[in-house]
Amino acid sequence: MKTCLLVLLLLAGQAAAGGDPKNGALLFRRCASCHAVGPYASAGYGPQLNGIVGRRAASTRDYKYSEAMKKSGLTWDEKTLAAYLRAPHDVVPGTSMRFWGIKDEQQVADLLSYLKTL
C-alpha cells in the first residue's frame, strides 16, 4: 500500500513538472484577453508572449511596460515564469499586470508547457 501511494505521488509530481501543452492552450484562453501569441501576435493590453521562455523581462518594443517590470532584471526562465504565474505581484511588486495568479500547480505546469511551444 505504501509503495502504491509513493508511485502515485511520484507520477503526480512528474505530470505537474512535465505539463500538458494542449491543456495549457485551453488555459491560455484566460490570458488571451490581454496577451497574444502566434505568428501575428502583437502587444495589446499586455505584451505578446511568443518566445517568452528565455526572454528578458520588459524587452519587447511594442509594449509600454511598468517601471517595476523594467527594473526587475528578470529573465523569464521556467522557474521565474512559474513563480510569476502563481503570484505576479510577489515576483514583481508594482507590476501593472491585473491578475491574481494560478494556485493549481498542474495548471501552471500546463500553461508553461504551452508557452514553451511558442
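A pocket, in the sense I will use today, is an open set of grid points where a 1.4 Å probe fits, with protein on both sides within 12 Å along at least five of seven lines, and its lining residues are those that have an atom within 4 Å of a point. With that in hand, please look at the structure above, which is a predicted model, and let us begin with its largest pocket, whose volume is about 560 Å³. There are 27 residues lining this pocket, and the closest to its centre are His35, Pro47, Leu49, Tyr84 and Met97. Two elements, α4 and α6, each give two or more residues to that lining, and α4 gives the most, with 3 residues.

Before we go further, a word on confidence. The average pLDDT of the protein is 88, and 86% of the residues score at least 70. For residues 1-16, however, pLDDT stays under 50, and the model has 3 contacts beyond four places in sequence for that stretch.

Let us turn now to the interior. Nonpolar side chains in soluble globular proteins tend to be buried together. Here, the largest nonpolar core has 23 residues, and the ones with the most contacts inside it are Phe28, Met69, Trp76, Leu111 and Leu115. Both α4 (78-86) and α6 supply at least two residues each to this core, with α6 giving the most, 5 residues. If you pick out Trp76 and set aside its neighbours within four places in sequence, you will find that its contacts include Ile52, Val53, Met69, Leu81 and Tyr84.

Now to a single residue in a loop: is Thr95 buried or exposed? Thr95 sits in the loop between α5 (88-91) and α6 (105-115), and because its relative accessibility is 5%, where buried means under 20%, Thr95 counts as buried. Beyond its neighbours within four places in sequence, Thr95 is in contact with Ser66, Ala68, Met69, Tyr84, Pro88 and His89. In addition, a polar atom of the Thr95 side chain lies 3.3 Å from the backbone nitrogen of Met97, and Met97, you may recall, is among the residues closest to the centre of the largest pocket.

I will finish with a point about the backbone. Most residues other than glycine have a negative phi. Which residue, then, has a positive value, with phi near 60 degrees, although it is a residue other than glycine? That residue is Ala58, and you can find Ala58 in the loop between α2 (21-27) and α3 (67-70).

Methods. Residues are numbered from 1 along each chain as its sequence is written. This is a predicted model: local features need pLDDT of at least 70, side-chain atom pairs count only at pLDDT 80 or more; totals for chains, interfaces and linings use all residues. Side-chain values use heavy atoms; hydrogens and water are left out. pLDDT is the predictor's confidence in each residue, from 0 to 100. Contact means heavy atoms within 4.5 Å. Helices (H or I, at least four residues) and strands (E, at least two) are DSSP runs, numbered from the N terminus. Buried means under 20% relative accessible area, exposed over 50%, partly exposed in between (1.4 Å probe, protein chains only). A polar contact is a pair of N or O atoms within 3.5 Å; within protein, one must be able to donate a hydrogen and the other to accept it, and residues adjacent in sequence count only if both atoms are side-chain atoms. A nonpolar core is a set of buried Ala, Val, Leu, Ile, Met, Phe, Trp, Tyr and Cys residues joined through side-chain atoms within 4.5 Å. On a 1 Å grid over the protein atoms alone, a cavity is a set of points where a 1.4 Å probe fits but cannot get out, and a pocket is an open set with protein on both sides within 12 Å along at least five of seven lines; lining residues have an atom within 4 Å of a point. Grid points are joined across faces, edges and corners, and a volume is the space filled by probe spheres set on the points.
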